[in-house]
Amino acid sequence: MATYLEFIQQNEERDGVRFSWNVWPSSRLEATRMVVPLACLLTPLRERPDLPPVQYEPVLCSRPTCKAVLNPLCQVDYRAKLWACNFCFQRNQFPPAYAGISEVNQPAELMPQFSTIEYIVQRGPQTPLIFLYVVDTCLEEEDLQALKESLQMSLSLLPADALVGLITFGRMIQVHELSCEGISKSYVFRGTKDLTAKQIQDMLGLSRPAVPIQQGRPLQAPEQPVISSRFLQPVHKIDMNLTDLLGELQRDPWPVTQGKRPLRSTGVALSIAVGLLEGTFPNTGARIMLFTGGPPTQGPGMVVGDELKTPIRSWHDIEKDNARFMKKATKHYETLANRTATNGHCIDIYACALDQTGLLEMKCCANLTGGHMVMGDSFNTSLFKQTFQRVFNKGLNGEFRMAFGANLEVKTSRELKIAGAIGPCVSLNVKGPCVSENELGIGGTSQWKICGLDPCTTLAIYFEVVNQHNAPIPQGGRGAVQFVTQYQHSSTQKRIRVTTIARNWADAQSQLQHIEAAFDQEAAAVLMARLGVYRAESEEGPDVLRWLDRQLIRLCQKFGQYNKDDPNSFRLSESFSLYPQFMFHLRRSPFLQVFNNSPDESSYYRHHFARQDLTQSLIMIQPILYAYSFHGPPEPVLLDSSSILPDRILLMDTFFQIVIYLGETIAQWQKAGYQDMPEYENFKHLLQAPLDDAQEILQTRFPMPRYVHTEHGGSQARFLLSKVNPSQTHNNLYAWGQVSNGRATCIWEYCKMYIQIIVCIVAVLFYLIVFGLRLGAGCICPALLI
Amino acid sequence: MSVNQHTHAGPPYGQPQPGYQGYQQPAYGGQPLPGVPHTQYGAYNGPMPGYQQPVPPQGSVRALPTSGAPPPASGTSLPSGHQGYSQFGQGDVQNGIPTSTAPMQRPPASQPFLPGSAPAPVSQPSTFQQYGPPPSSVQQLSNHMAGMTIGSTSISAPPPAGLGYGPPTSVPPVSGSFSATGSGLYTPYTASQGPPPPSVPQGLPLAQPPFSGQSVPTQRLPTEVPGFAPPPSSTGIGPSSYPPSTGPHPGPPMSGLHGPPPPTHPPQPGYQMQQNGSFGQVRGPQPNYGGAYPGTPNYGSQPGPPPKRLDPDSIPSPIQVIEDDRSNRGSEPFVTGVRGQVPPLVTTNFLVKDQGNASPRYIRCTSYNIPCTSDMAKQSQVPLAAVIKPLATLPPEEALPYLVDHGESGPVRCNRCKAYMCPFMQFIEGGRRFQCCFCSCVTEVPAHYFQHLDHTGKRVDFYDRPELSLGSYEFLATVDYCKNNKFPSPPAFIFMIDVSYNAVKSGLVRLICEELKSILDYLPREGNMEESAIRVGFVTYNKVLHFYNVKSSLAQPQMMVVSDVADMFVPLLDGFLVNVNESRTVIASLLDQIPEMFADTRETETVFGPVIQAGLEALKAAECAGKLFIFHTSLPIAEAPGKLKNRDDKKLINTDKEKTLFQPQTSFYSNLAKDCVAQGCCVDLFLFPNQYLDVATLGVVTYQTGGSIYKYAYFQLETDQDRFLNDLRRDVQKEVGFDAVMRVRTSTGIRATDFFGAFYMSNTTDVEMAGLDCDKTITVEFKHDDKLSEDSGALLQCALLYTSCAGQRRLRIHNLSLNCCTQLADLYRNCETDTLINYLAKYAYRGVLSSPVKAVRDSLINQCAQILACYRKNCASPSSAGQLILPECMKLLPVYLNCVLKSDVLQPGPEVTTDDRAYIRQLVTSMDVAETNVFFYPRLLPLTKADVDSDSLPAAIRNSEERLSKGDIYLLENGLNIFVWVGVNVQQGLIQNLFGVSSFSQISNTLSTLPVLENPFSKKVRSIIDMLHLQRSRYMKLIIVKQEDKLEMLFKHFLVEDKSLTGGASYVDFLCHMHKEIRQLLS
């Protein structure tokens, strides 16, 4: 299926879209039987250095309920200067500016290679980007110092005209006024009291027009443009001030008695940050960047009390319903996140502490607004420093890799409806004819808001085929989907990116092999994983696993070939061959397994999983393992304990960690110092190779992975050992493991575990036959079983 | 001093009498009789204007020497008491004396003590002085030291008195007679009286004339003379007939006092009686004086005219009384070794030697002789109260209370009542145990405190231990006496400045900031510490609060705005309260910037409750006590806790609802005050209102935390700057104790029942004050709950637990022993009118919170009428009902009471604002006796009569317009204001000298200070004003009043002997009224 692979790749590169199915089953029933839903991974702002934006407004379909953008799939009557909308079939006049078009003189949006096109439009005043630092001062001295330095450094990375603000918090919250000479001013709030947006604005003096109470007089009296400028000032004007201010930041001065946690008012601090932006710059691109070094311990949003003897909630507590503050805190942050999203701002969370910091409760702030979530051990680590620096990285065009306030609208042709989306977005609750009643992810709408996004941000969008079985689509018919993303570019321009794609319909009964061949198992794996992770947020872990298993079984059932009662006869076509393996690793992944992860870690992993693009997501699901040895060039090897050999160096990339593992012999050689002997220069090179490769990964990854360099028997080797399939040491952990046992014969030579899985599946199938009713007869029709 | 005025006898008010017809008042005119104790002496002497110099001689009181000695004493005269005294000097004077007699005389009683207690003999210093010379009082004093009561040797010889009195010589004899008489007791008096002979029994006729003698202050006009007296006297005879006499008895002594007058005493008891009654004296004097006194002439005439009007000169004159006391008692130290001595008047400048009782600077009582039973107390209606100023400032010559450290176990205390070790504790069983003088419980002496007793039963280390030999001393408190069982941190001062539009515009903010820069170097510090331990913090506010971080490590101050006024908190901990020296540059930079920052403010609304809360929270966070200095300009109408509305309504005046004007409009501040007290957060309030700002409500916290309010209405930089800055400086610098709790313990029989002043009480016994400074006074009222005994007297112990300005926890103890009496006359003879007025004013001012003002005034009048009527009935010799007889010690009661009744609080004029009344009400409540004295009866000094070459003040004159001459310049001060009144006919030269302008019409009445001119007169006047400022706790506002100018109305308001525009009675009218009341009660 080389052609399909190419096709998929091409599409991804051009449009940033990967569909689970690239040929669509033409009826609802058929689609349902495909098990993996028709869905796509959309990277709305995928970097397209080759795509010059056009400087005019898009042409819209005139039907009020449609408003699709003119695209290459539309039929155009050049003579009548009419075009027909390919979604609603409305015929539209071209606007006057298009009077000169003809077959040879087409506007860009009609050219097939511009299935994705970007418009720059003039709408409203351009406001500079806004960065509001919300800084925890309850840190250790070193941590705070490091953080201060990072923040000071960041000022030089910001766009010169960006507005910047500073809020610090500990027991109290201080909103710093940045325009003062001679005295530094701040507004202080107590951390125990939740304030409404109105109160906050009143107290900050934002609600009264033109009462510069404490404004310095002479300078800006006439053109105090916005009152809030007291708190948000252009970087170029106040960077000296702010640098000094940051330099003078002190640790929270309130005494912390022994056995207590410092009182940290993260909840109110965030609330104030949100309120401040809400009152001053609604609907403009703004980042609230929260730097916190511990859990919120007071006020709304508190996650744990200040008594050290009471530990912060664990999964165990949560299962036992023993996490006192969790629900309330979560609610608080959810409210905040929703407000922030409504205003088009985003919240980043940089949490650096050895213990948990309450990411579980706060996750929605980042998740719903498209902000970053970074977790580290300390602000004084390169992990944090580089990650933070990378936030301000510039892309290929020299532009910041960030965009704000995106509004993603999806339009579908009639046979399709939109079931939902999963990603760092919130619903805008726009109902319409193309919105399905069945929801997958965040559904019930055809538009979502993504407050902060970068070129990697990827949404999973799920569709439902609604065409009835008895209304066949004519041969060669194509379904179309249009993604319209309006956003604020980092240059503060308003832009609209439009991607229109089309896929062929196929009748699943007669043309199943086409559909099968057009299956994108990687996309499907990620899409299913997102669904699973999304479910895991609200459901019990085992239920999700069972659901995943069932889906896999059904898929195998549908597309596998086998003889009844003969596990060895089971085979899947190439386009499905990797899928089970992904599922196997997904089950073991921290996204679904909470064992050995704190709730914060789980939230952190899930956060990243829900926004990364396909490649990164796959790495997360199934870490990559490279082997370096004298036996040949570096090669990818099975993520299996059998890959760990004494004379190999392994490099594992799990997205969150990069582990370099020296095999036993290699480690001994290294200890013996061979690498320093000229005659063993090749050994030196061998040692160096994985380091270089790791470096390359580190360069591009956001957030910075934890970098682990270890060797056989090293304590850190656990990072590797916990990921590999333990085929050689003991049986896997599943309840039905005894059946599989690793002794099954290989079906496909390259993947032992895969076999196990399949065998498992087969075993499960048997199991289901016997106990089918117990698992819910509705799921699988016994008649279809082997 | 009792004035007995009986005017014409029976027909007091003349009306009845034909002759007088017109005079209703005349009656008063009668000469008052003084009959009183020392003071009187003083008075007498002094009294006579004329006498002044000459006089002195007369009165000598001689107290008898203490015990035994007396006899001789009496008889003998010692030569110049002076010398003698001087020698004894400290020691004292003593009058020992019969108990019953004047306090001074109490000695006898004391004697016994003496030995035991250490008190040295008491001396009646004052008396002596004046008397000294002349009469030579006698007495002697015991030296404290040895406890030896030594010689009571000296006795004064009346003779000297003779000088002036010579004529009346009778005196000597008198004295002699006394002595002879035997009763040593009286004798003493005799001495005093000795001089004047006169017994003028019937005073009436005489009296009148006499009074003419206004001079008389003296008054002793005993109305009646009755010879009875004698008998009853000491004994206090029962017979009703005598009763009077008895009364008099005591009285007599009193009268005796009247030194000036003739020695009533002399006549032994008999005389005494007279004295009481007696005008006689008056007469006596008069004649004599006649010539001397200018007044006299009048008399003559007056009598004639008497009719119509009671001659103001003939009624008791405060000026005279003050002068007399000053001259009689001002020159000798007042030694406190004797129980129940009446101290000199507050207006007298005297030194105090602590020999076992607290100095009158700390405690003054309404009476130093307490009735033994509650029946008597009720009958007399004389309130028993003590005015306590625990941290009073002492003149440099007097030693501060010693600090005693009893080690880790803390001060030695009675096991049962917890009274602290004091001179009155009785050690028994060889010193192993001591018996409490308050509750009689016997307590083991802790081992470390044990000491052997000498043969007199006194501890051997008696003189080494202040707590055994002194009336006032301090204990170092142990950790048990500290909050949370932790030693306190040094206190903090927080300056909270209103920066709303008004404050900024008037220049106030800039002024305060400038001043703070320098004032911070003068924070109070303890003893010899190099720098003050007090930390400072700064807050500004309008609708929101701005806190400042002035930590020394900062390059520039940080301002933190707290707008959440609904729920106040302190935004910072470290750096808010700082040491001045460490953060000097940051503070200076802050104070420079504050006026700049707010220069353009347009915010007019302010908050107030949150401001106090903020300060409170700051102190809480810092875990220390402290003081807030709040500079506030307007009614807090911004939305916040403690928000107020303008509820000023003049229509309520004189209605039943008037009291609401004095009540806080919300309970918020009372609750806040409670919290403040708990934390030791004292609030000082500086108000700069341009309109009503509800002092009654804003002041609640200040009041209950022991703070001070300063009010500068319509503040203007030019005119009010000095006053404000001086007040601020003094307020910042003055000694203050924090987080104070005061308890007054009394010996069995009486109990402290009521407290007046600026404090908070959470139970019925403990007075809690967040801050207590050296000017704050607490008045305590006592009631009987059992019988007292004459032998043991009554004891007070006032214990104040506080944190010093260095953060040291201490206990200050004041002990005072009082006599007890079974005779009402003793009570009346040992009263102090000034203290009484202090109590009555505070009582009345509290009353306005709950009763209509009219009811309060009526009850005041009624109570005083009862006091006087009781005296008349039980102590004065029988006389015609028409005669007004005032006890010598209380002869000024009517005039002072009238002043209280006319004060702005009880009888506001139309120009007096509600805020003014509330302000004064609160002010008076913390005043001490000296302050109330001058506040109610302002001091009026004729500047043009001042002796340019001496340091002394010109003699004061009475507060009446009649006494002003158009050709003179006068100065009037009442503790709050100084008026300089310029008559229209003043010589141009004087005007030029004083004001630097050439004519009367060019004098600007907006001056707030006198121009500095290099001429003797200007210098003198300015030095007088400076001197006055030094004496008062507040810097007085200087107002120049030109005669016949519109401001003169204001000035006249303070001429309290005149009828006031608002309906207040003139002194004369009021006296008549009182007389009427008394007569009603008697009949």
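Which residue lies over the face of B:F427? In this predicted model, that place is taken by B:R459, at 4.8 Å from the ring centre. A second arrangement of this kind is found further along chain B, where B:K1042 lies over the face of B:F1000, here at 5.5 Å from the ring centre.

B:F1000 also brings us to an annotated stretch of chain B. The UniProt record, an unreviewed entry, lists residues 953-1024 of chain B under "domain: Gelsolin-like". In the model, this span is 24% helix and 15% strand, and the C-alpha atoms at its two ends lie 7 Å apart.

Aromatic contacts offer plenty to look at: over all chains, the structure holds 70 aromatic pairs. One of them joins A:F519 and A:Y579 in an edge-to-face arrangement, with 6.0 Å from centre to centre and 70 degrees between the planes. A:F519 sits in the loop between α11 (512-517) and α12 (521-538) of chain A, while A:Y579 belongs to helix α14 (residues 579-588) of chain A, so the pair ties together parts that are 60 residues apart in sequence. Both partners, A:F519 and A:Y579, are buried.

The pair formed by A:F630 and A:F683 has another geometry to show. The ring centres of A:F630 and A:F683 are 6.4 Å apart and the planes meet at 45 degrees, so this pair is tilted. It, too, links distant parts of the chain, 53 residues apart: A:F630 comes from the loop between β25 (624-629) and β26 (632-636) of chain A, and A:F683 from helix α18 (residues 681-700) of chain A. As for burial, A:F630 counts as partly exposed because its relative accessibility is 40%. A:F683, with a relative accessible area of 2%, is buried.

Aromatic residues of chain A also assemble into a group. A:F131, A:Y133, A:F291, A:Y350, A:F379, A:F384, A:F388 and A:F392 form one aromatic cluster.

Finally, we turn to the place where the two chains meet. Chain A brings 26 residues to the contact and chain B brings 35 residues. About 2700 Å² of area is buried between chain A and chain B, and carbon and sulfur atoms give 50% of this area. Charged side chains take part as well, with three salt bridges counted between chain A and chain B. Among them is the one between B:D567 and A:K193, whose closest N and O atoms are 3.9 Å apart.

Notes:
Residues numbered from 1 in each chain as written. Chains lettered and ligands numbered in written order. Predicted model: local features only at pLDDT ≥ 70, side-chain atom pairs only at ≥ 80, totals over all residues. Heavy atoms only, no water. UniProt positions renumbered as here; feature names shortened; annotations may be inferred. Helix = DSSP H or I, 4+ residues; strand = E, 2+ residues; numbered from the N terminus. Phe/Tyr/Trp six-rings, centres within 6.5 Å; stacked < 30°, edge-to-face > 60°. Buried < 20%, exposed > 50% of the residue type's maximum accessible area, 1.4 Å probe, protein only. Lys NZ or Arg CZ within 6 Å of the ring centre and 35° of its normal. Contact = heavy atoms within 4.5 Å. Buried area = accessible area lost by both parts, 1.4 Å probe. Salt bridge = Lys/Arg side-chain N within 4 Å of Asp/Glu carboxyl O.
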